[in-house]
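Me: Got a model open here and I'd like to talk through it. Can you help me read it?

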Amino acid sequence: MPLGDALGGVHFPKNREQLAACRRSVSIENLCYVITTYRLLKDDKRDFTYNAALEIVDKFVKSLPFSLTDDQKNAIDGIITAMRSEKLVNMLVQGEVGSGKTVVALCAMYYAAMSGYQAAIMAPTEILARQHYATMTKFLEPLGVQSQLLCASMNKVQKETALFNIKYGVASCIVGTQSLIGDDIDYNDLRLVIVDEQQRFGVNQRAKLEQKGKKTDIIVTTATPIPRTLALSLYGELKVCEIHALPAGRPKVHTSVVPQRKINDMFRYVGECAAKDERTYVICPRIADTDDEVTGVEQVYNMLKKSSLAPITGCVHGKMKEAEKTAVMDDFKSGKIKVLVSTTVIEVGIDVPEATNVIVYDAERFGLAQLHQIRGRVGRGTKESYCFLLGGESSPEAFDRLKKFCSVTDGFSVSELDFKLRGAGDFVGLRQHGAGTLEIDEGIIERARKLSDAVIDDGSSSDAIIRSMSNPEFIRSVTMN
């Protein structure tokens, strides 16, 4: 309906039906502004080409010591096809925890390198960046591709060597943390940017890495899948690739809420597992114990150091130096430490096949997607694994939420459940969860896209919008809407 009529009906509706129709019309109008402005601002025409033969991809796949799932093969096909197209890649790869997104990303990096360009992957933690580097060295260097790690804990000589290799193209595939976007970093010819666990980075951080290249293809990955309606809203111009299947042989992970009276029995079981060389994560929501009854790493670590588990217990958290964290994680992987007390610093990507248990204190303080990430640290070997949730006793709602989490096992179902329980939040405001003010409807999104197509096809309308873009207030008003 005409915008004037819709605005009048929103403020002075005659009935509920008219109010719903008017709100829908205003929503379509505003979303059309956002989509159209984004499309006109975006320069996505490719000015370079990947000239490596497609047989290169087959060579990479055949060199792997394992078979890819059909979902992984489809993801690789989709990415390589997009890289060879006329438009720059702008893709979200979302997949189940442990579904093998990393090897998909490495294939894209390998293809870019074999075409003569540089590719960089930015990880949220140094522990994960070093793990990726080990994987890159193992898979890519035998194929003739030089890799390079760059992170904050490197000494002066190591960093200078890394900067040289990146600037002069000695290294084609680069991995690191936020060090990759430092002002002192110059790339030789960066064309592919991959942001791993993109939800852990801010928009400006991702953009700064993109700007390190002249024009870059962008792939963002996440193991925290986004519900379809949210994906359509947040990533309307982003191609979405989903990886559901897990590699063959992955064991089941059982999840349960452990009552207070059973905690001693739980730790007795942890000791039995340790005797069989199995590892256990113990996750706490914060480092130090406080007076507000939130469990800290230091509290649990000190408790376990007084128990029979003392000789095999270690701890890691964000305030430790990177070298200390790396040393502790190495001890955990080797089995010198079999019980690791930690904050969520180990939440993403850490791969220890011997880890069969994860215990989460004050589980009700975590989002369901975050709990699923934590749960994904176990079940990466061959043995059945367990996720024990402590908490939920503060309210019936908190307990019910944890019980519902126990009943869902895949990330896509978890994201839908989290969306239903917490709402969408305010995407352009300060609220990150809760009902918020935004109503999401696939029909509205699809209608707004069609209107946007019509506006862009109409040259005079497009020209008028482009002229308006010179006014910062126009961009600000569209973004806020």
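**The sheet and its surroundings**

Reply: Sure: 7 strands make an open sheet with parallel pairing, in the order β3-β4-β2-β5-β6-β1-β7. Two strands count as paired if DSSP finds at least two bridges between them, and strands (E, at least two residues) and helices (H or I, at least four) are DSSP runs numbered from the N terminus.

Me: Which are the edge strands?

Reply: β3 (147–150) and β7 (239–243), each pairing on one side only. This is a predicted model: local features need pLDDT of at least 70, side-chain atom pairs count only at pLDDT 80 or more, and totals for chains, interfaces and linings use all residues. Residues are numbered from 1 along each chain as its sequence is written, and side-chain values use heavy atoms, leaving out hydrogens and water.

Me: How many bridges pair β5 and β6?

Reply: Strand β5 (residues 190–195) pairs with strand β6 (residues 217–222) over 4 bridges, in the parallel sense. L192 stands opposite D217 in β6.

Me: Switching topic, where is V170?

Reply: V170 is in the loop between α7 (156–167) and β4 (173–176).

Me: Buried or exposed, or in between?

Reply: V170 is partly exposed, with a relative accessible area of 39%. Buried means under 20%, exposed over 50%, and partly exposed in between (1.4 Å probe, protein chains only).

Me: And how much of the protein counts as buried?

Reply: Of its 481 residues, 49% count as buried.

Me: How many helices and strands are there in the protein?

Reply: The protein has 18 helices and 13 strands.
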